[in-house]
Each structure stands twice: as structure tokens, then as C-alpha cells.
Amino acid sequence: MLISGVDVRDLAHSYGTPLVAINVDSVDASIATLHVACDRYGVEIAYAAKAFFCVEFARHLGAHPGLGVDVCSLGELTVAERAGFPVARITLHGAGKSEPEVRAAVEGRVGRIVVDAVDELAQLASFGRPANVMLRLNTGIDAQTHAFLRTGGSDTKFGLAVHDEPAAAEILLANPQLRFIGVHAHIGSQIYDSAPYVANSHALIEAAARFAAHGLRAERIIVGGGFGTPTHPDDEDDPLDIGATIADIARCVRDCAGDLGLAPPRLGIEPGRAIVASAGTTIYRVLAVKRQSHRTFVVVDGGIFENPRPALYGARYRVVAVEPSTAAAETMTVCGRTCENDELATAMLPGDLQPGALLAMQTTGAYTFSMAGNYNRLPRPAVAAVQAGAHRRWVRREAVDDVLRNDDG
């Protein structure tokens with residue numbers, strides 16, 4: 001099995017397992033596809049760092065002309081800074097920003113801040129220093145996705161409600177050092193239909209008209225990301241047609257702005273998963289094969305500590321055996337090694353599978369490494385970049401001493 005011309009067995013030998021391998025060629029192809037869809041409409045693209053982020057990856061993204069990045073914490077911001085990512089292309093997000101994070105916006109460490117609450121806006125104003133401000137709104141659009149992935153609609157913590165808008169406008173008008181540049185709304189993740197994006201765009205234009213009535217012009221409108229990317233061949237949903245979706249959004253914004261007498265604002269999107277999900281492969285080593293009464297369990301050296309998504313919201317992945325085999329395939333349950341019933345996947349695997357064999361879980365580039373922890377005090381995996389037949393380490397594997405470094409005693 002090859003990833004961008006590199007044998008998976010060579011990667012496992014070089015970096016150990018579990019290992020997250022990122023196909024950089026795939027990342028670049030995804031970004032190119034987005035540019036084809038967006039450039040004709042002047043739509044800005046910013047990568048959502050929460051999907052996957054490390055210094056070398058940020059450095060690679062920064063070399064893509066015009067590509068922005070969204071960060072949600074001082075940790076993500078520091079990664080971007082260490083990578084030398086252009087400040088003007090960094091946007092600070094977050095539903096509950098700390099005082100140091102808000103301060104970063106007025107210290108010029110980011111190009112703009114997306115304010116999520118009236119209290120946060122008041123805190124930002126209290127510094128008395130300039131900042132480019134967008135307001136994240138809750139447009140009430142309820143995308144059909146898992147509850148844990150829903151970030152829009154009336155039953156979420158994200159964004160300002162309509163009744164908060166006058167108070168936000170009052171703060172902005174009283175503090176001209178805060179430059180209002182637009183409105184934002186992200187409605188969720190793993191969305192496979194363009195209709196919620198169009199509805200969200202319509203709602204944002206209507207909100208822009210309400211702020212215009214206060215004398216505040218929205219130069220930009222950001223409709224978020226969350227473009228659906230299937231991670232298992234048997235999933236019923238097809239990938240979202242991003243090109244058609246962008247065209248629908250652009251048409252909606254243009255027409256709605258015209259109907260409301262507004263100058264058409266600049267559009268922006270914030271894909272994360274759509275850029276990095278398909279580029280990722282997690283390589284595991286089999287620790288045990290256990291034939292129980294009804295199922296065969298394959299225990300690997302990963303688990304909920306390095307990929308919590310299956311346990312959190314039933315994420316599904318394709319898992320394949322790396323080494324060739326002539327044995328008939330059987331249905332097996334791939335599990336992690338932690339003290340949980342941490343089933344990672346159901347897969348057709350060779351009946352002669354033995355401990356020591358390698359398995360590859362595909363489409364794991366997004367929300368695996370970035371969500372990893374140290375449950376059972378297990379070290380987080382290494383990350384390797386693979387490109388054009390070559391590979392190199394991006395993130396060192398944790399050692400037990402790394403896991404324990406903050407313990408007293």
C-alpha cells in the first residue's frame with residue numbers, strides 16, 4: 001500500500017505506530033479545487049485550524065497565496081506565529097475567548113477577530129485600541145447533522161442572537177477604534193446539501209441590512225465551512241458539490257443585496273475537513289486478534305485517546321490491511337487498546353490476520369490528531385508528511401515523560 005508513492009510499511013518502520021500520515025499532495029489538490037470554485041466569484045478561503053494544525057503544516061499553508069487561517073485559541077495562534085503565517089491572513093475565532101486571546105486582537109497579532117458575544121465586544125472595546133471586527137451571528141439555520149457538530153440554530157451556544165444586535169451596534173458606534181468589517185455565521189459540519197448554506201447566506205445579508213440601518217456597513221460576509229466529506233465508502237451521503245454550492249451562495253448574496261439596496265459584500269468560506277480529511281491515513285499495528293462468541297475483535301495500538309470521533313458521534317472510517325493476503329476476508333471489529341469499549345471501525349479483513357500486522361484507517365486527516373488526548377496516560381502519535389515519494393516528520397511522537405511533564409512529584 002502506497003501513500004503518495006511511499007510504502008506504508010516504510011512509514012511505520014521510520015516513525016512507529018500509531019502514526020498519522022498526511023498526504024501533502026492531496027492537501028494541495030483540495031486547495032486547488034476550492035480555488036477553482038471560489039476564485040471566479042471572488043470568494044476568500046480560510047483554513048479552519050481546528051481540523052488539524054501543526055507548525056510545519058501551517059508553514060505549508062502559508063505558502064499558498066491568499067489562503068487565510070482561522071485560529072480559536074492562543075495555542076493555535078502560536079502555531080501560526082511560529083510558522084511565520086502572515087498576520088493579515090489570521091482570523092481569531094472562539095465562543096468563549098480568554099482575556100489574553102481578546103488582547104491578542106488589539107496587539108496586532110491577528111488580522112481580524114470574530115466576536116461571538118456582546119460581553120466579548122465590550123471587553124474588546126475596553127482596551128481602547130484598534131481592531132478589525134466581525135460579528136458572529138446565530139442566524140437560526142439548523143443544518144441536519146449530528147447534534148455535536150451543529151453550530152447554528154436556536155439551540156447552540158454560538159453567535160449573537162438577533163436581540164443582541166442593537167447592543168452590539170451601540171458598542172461599535174461608541175468605539176470607532178473598532179472597525180466593523182462584516183458578519184459571520186457557521187451552521188455546522190458534515191453538511192451535504194447546499195440549501196442550508198443558501199439560507200444562511202440570505203440570513204446574513206438581512207443581518208447586514210439591519211447593521212447598515214445603524215450606519216455600519218458589512219464589507220464581508222463569511223458563511224463558514226462544514227462541507228460534507230464522507231469518510232466511509234458505504235456512507236449514503238455523496239460529497240457536497242462545493243462548486244455548485246459556492247455558485248448558489250454567490251448568486252444568493254448578489255441578488256439579496258440588490259433587493260435590499262446594499263453593495264454586494266465580499267464572500268468568505270472556512271473549510272477545514274474539506275482540505276485535510278482525505279489527506280490523512282492513520283497507521284496502526286495489531287496487538288491482538290480475539291474471536292469471541294459472536295464477533296472477531298482486532299485490538300490495535302491506537303484508540304479513543306488518538307481518535308475519539310467514533311465514540312463521540314459514530315464517525316465511520318474505512319480500514320484496510322496493509323500487507324497482502326490470500327485468505328478470505330471476514331467482518332471484524334477494530335478496537336483500540338484503552339479501558340473503554342472503544343470500537344474504531346467495522347472492516348473486512350483477512351481471516352489470517354495476526355498480531356504485528358499493520359492496518360491503515362483512511363480519511364483521518366481531520367479532527368483526529370487535533371482532538372487527541374492522553375487517556376490511560378498514553379502518548380499521542382507522531383505525524384509524518386508524505387509528498388511526491390518522500391516523507392519527513394512533522395510532529396514527534398510523545399514519550400511517557402512528555403505525558404508526565406506537568407505532574408508534581
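Modeller: Helices (H or I, at least four residues) and strands (E, at least two) are DSSP runs, numbered from the N terminus. With that in mind, Pro18 sits in the loop between helix H1 (8-15) and strand S3 (19-23). Please remember that this is a predicted model.

Colleague: Thanks! What kind of peptide bond leads from Thr17 to Pro18?

Modeller: That bond is cis, with omega near -10°.

Colleague: Let's turn to helix packing. Why are H2 and H3 called oblique to each other?

Modeller: Helix H2 (residues 24-38) and helix H3 (residues 55-62) pack at an angle of about 40°, and their axes are 12 Å apart. Angles under 35 degrees would count as roughly parallel, and the roughly perpendicular range starts at 65. The angle of about 40° falls in neither class, and H2 and H3 are therefore oblique.

Colleague: Which residues make that contact, and how do they divide by class?

Modeller: Val24, Val27, Asp28 and Ile31 come from H2, while Phe57, His60 and Leu61 come from H3. They divide into five nonpolar, one polar and one charged. Asp28 belongs to the charged class, and His60 falls among the polar residues. As for handedness, H2 passes H3 in a right-handed crossing.

Colleague: What does H2 do with H9?

Modeller: H2 packs with helix H9 (residues 242-259) at an angle of about 35°, with axes 8 Å apart. The crossing of H2 and H9 is right-handed. On the H2 side you will find Leu34, Ala37 and Cys38, which meet Ile242, Gly243 and Ile246 of H9.

Colleague: What makes one residue of the contact of H2 with H9 polar?

Modeller: The tally there is five nonpolar, one polar and no charged. Gly counts as polar in this scheme, so Gly243 supplies that one.

Colleague: While we are on H2, why is Ser26 called buried?

Modeller: Ser26 lies in helix H2, and its relative accessible area is 17%. Buried means under 20%, so Ser26 qualifies. Leaving aside neighbours within four places in sequence, Ser26 is in contact with Ser278 and Ala279.

Colleague: What makes H6 roughly parallel to H7?

Modeller: The axes of helix H6 (residues 118-126) and helix H7 (residues 165-174) cross at roughly 5° and come within 10 Å. Roughly parallel is the class for angles under 35 degrees, so the H6 and H7 pair belongs there. Val118, Leu121, Ala122 and Ala125 of H6 meet Ala167, Ala168, Ile171 and Leu172 of H7. By class, this contact has eight nonpolar, no polar and no charged residues.

Colleague: Now the cysteines. How do you know that Cys72 is in no disulfide?

Modeller: The nearest cysteine sulfur to that of Cys72 belongs to Cys54 and is 17 Å away. A disulfide calls for sulfur atoms within 2.5 Å, so Cys72 does not qualify. The structure holds zero disulfides.

Colleague: And how do you know that Cys339 is in no disulfide?

Modeller: The same reasoning applies. For Cys339 the nearest cysteine sulfur is that of Cys335, 13 Å away, and the cut-off is 2.5 Å.

Colleague: Why does Cys339 count as exposed, and why is Cys72 called partly exposed?

Modeller: Cys339 has 61% relative accessibility, and exposed means over 50%, so it counts as exposed. Cys72 has a relative accessible area of 30%. Partly exposed runs between 20% and 50%, so Cys72 goes there.

Colleague: Where does Gln190 lie, and why is Gln190 called buried?

Modeller: Gln190 is in the loop between strand S9 (178-184) and helix H8 (195-212). With a relative accessible area of 11%, Gln190 is under the 20% limit and therefore buried. Its phi is near 55°, a positive value in a residue other than glycine.

Colleague: What is the phi of Tyr367, and why does Tyr367 count as buried?

Modeller: Tyr367 has a positive phi of about 60°, although it is not a glycine. You will find Tyr367 in the loop between strand S17 (358-362) and strand S18 (382-387). Its relative accessibility is 11%, under 20%, so Tyr367 counts as buried.

Colleague: One last residue: why does Asn132 count as partly exposed?

Modeller: Asn132 lies in strand S8 (residues 131-136) and has 30% relative accessibility. That value is between 20% and 50%, so Asn132 is partly exposed. Not counting residues up to four places away in sequence, Asn132 touches Gly111, Arg112, Ile113, Arg179 and Ile181.

Methods. Residues are numbered from 1 along each chain as its sequence is written. This is a predicted model: local features need pLDDT of at least 70, side-chain atom pairs count only at pLDDT 80 or more; totals for chains, interfaces and linings use all residues. Side-chain values use heavy atoms; hydrogens and water are left out. Axes are lines fitted to C-alpha atoms, for helices over the stretch in contact, and angles run from 0 to 180 degrees between N-to-C directions. Angles under 35 degrees count as roughly parallel, over 145 as roughly antiparallel, 65 to 115 as roughly perpendicular and the rest as oblique. A crossing is left-handed if the near helix is turned anticlockwise from the far one by less than a right angle, and right-handed if clockwise. Contact means heavy atoms within 4.5 Å. Buried means under 20% relative accessible area, exposed over 50%, partly exposed in between (1.4 Å probe, protein chains only).
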